[in-house]
Amino acid sequence: MSGASDPIDWLNRARQDVRSARRLLIDPPEIEVAAYHVQQAVEKAIKSYLAAEAIRYPRGGGAGHDLEALASLIPEADPLHVQALSLSYLTPWATAYRYPADDPMTAEPPPARSQIEHDLLLAEAFIEAVAQRVAPVPPSRGSTP
C-alpha cells in the first residue's frame, strides 16, 4: 500500500508532526505552529488506525480535521476510541492559528507552551498505542517470553 490508504505512512507522518512540534518549542518557541502540529499528529494517528482497519473517514472540508468525528469512527469497544476522544479538544488547533484572526477581539488566544508540551506527550502516547496496533514490533529472536 502507499499514499492515503497506507497506515504506516500515516503513522510516520504523525511522528514527523511530533518531531516538528518539538523543534518549534525550542527557544524562541513558535507556539501557534507547534499547536497545529500537535493536532495534526493526533489526526494522522487516528487516520492510520482507520486506514489499517479499512474504515472510511471524511476527507476535505472541516470534517477531515474534526478529531471527535474521526475518533467516533473507532469502534467503541476498542480502548483507542476513548483515548482518541480524550484528545478531541485539540481539533481547533488544526485551523485556529494558521491564519490571522478576522476579528482579533474574538480570536482564541494561543495555548501556553506548557499546555502544548503536555498535549504533545499525550499525542505521543496515543501514536505509540496506535503503532502497537498498526505496526507491532515483533519480539526479537532468542528472547524469552
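Eight salt bridges (a side-chain nitrogen of Lys or Arg within 4 Å of a carboxyl oxygen of Asp or Glu) are found in a search of the whole structure. The model is predicted, so that local features need pLDDT of at least 70 and side-chain atom pairs count only at pLDDT 80 or more, whereas totals for chains, interfaces and linings use all residues. Residues are numbered from 1 along each chain as its sequence is written, and side-chain values use heavy atoms, with hydrogens and water left out.

One of the salt bridges joins Asp17 to Lys44, with 2.7 Å between the closest N and O atoms. Asp17 belongs to helix H1 and Lys44 to helix H2, so the pair ties together parts that are 27 residues apart in sequence. Helices are DSSP runs (H or I, at least four residues), numbered from the N terminus. Both Asp17 and Lys44 are buried, where buried denotes under 20% relative accessible area, exposed over 50%, and partly exposed in between (1.4 Å probe, protein chains only).

A further salt bridge is formed by the side chains of Asp78 and Arg133, at 2.5 Å from N to O. This pair links distant parts of the chain, as Asp78 is placed in the loop between H3 and H4 and Arg133 in helix H5, 55 residues apart. Asp78 is buried, with a relative accessible area of 10%, whereas Arg133 is partly exposed at 38%.

Within helix H5, Glu117 forms a salt bridge with Arg113, and their closest N and O atoms are 3.5 Å apart. Because the two residues are four apart in this helix, Glu117 and Arg113 are separated by about one helical turn. Relative accessible areas of 37% for Glu117 and 29% for Arg113 make both residues partly exposed. Asp27 joins Arg113 and Glu117 in a network of salt bridges. Asp27 also precedes a cis peptide bond, the one leading to Pro28, with omega near -10°. Pro28 is located in the loop between helix H1 (7-24) and helix H2 (31-52). Most residues other than glycine have a negative phi, and most peptide bonds are trans.

Ala54 has a positive phi, near 55°, in a residue other than glycine. The loop between H2 and helix H3 (67-71) contains Ala54, which is exposed at 69% relative accessibility. Tyr99 occupies the loop between helix H4 (79-85) and helix H5 (113-134) and is likewise exposed, with a relative accessible area of 53%. A distance of 9.9 Å separates the C-alpha atoms of Tyr99 and Glu32, which are 67 residues apart along the chain.

The end C-alpha atoms of H1 are 26 Å apart, in agreement with the 26 Å that its 18 residues should span at 1.5 Å a residue; the expected span is 1.5 Å times one less than the number of residues. At the start of H1, the backbone nitrogen of Ile8 has a side-chain oxygen of Asp6 within 3.0 Å. The buried residues of this helix are Pro7, Trp10, Leu11, Ala14, Asp17, Val18, Ser20 and Ala21, and they pack against H2 and H5. Contact is defined by heavy atoms within 4.5 Å. In helix H2, Ser48 is buried at 0% relative accessibility. Apart from neighbours within four places in sequence, Ser48 is in contact with Pro7, Trp10, Leu11, Val130 and Val134.

The largest nonpolar core (a set of buried Ala, Val, Leu, Ile, Met, Phe, Trp, Tyr and Cys residues joined through side-chain atoms within 4.5 Å) comprises 36 residues, of which Val38, Val42, Ile46, Ile116, Phe126 and Val130 touch the most other members. H1, H2, H3, H4 and H5 are the elements that give two or more residues to this core, and H2 gives the most, with 11 residues. In soluble globular proteins, nonpolar side chains tend to be buried together. For Ile116, contacts beyond neighbours within four places in sequence are made with Leu25, Ile31, Ala34, Ala35, Val38, Trp93 and Pro111.

Definitions and conventions:
A polar contact is a pair of N or O atoms within 3.5 Å; within protein, one must be able to donate a hydrogen and the other to accept it, and residues adjacent in sequence count only if both atoms are side-chain atoms.
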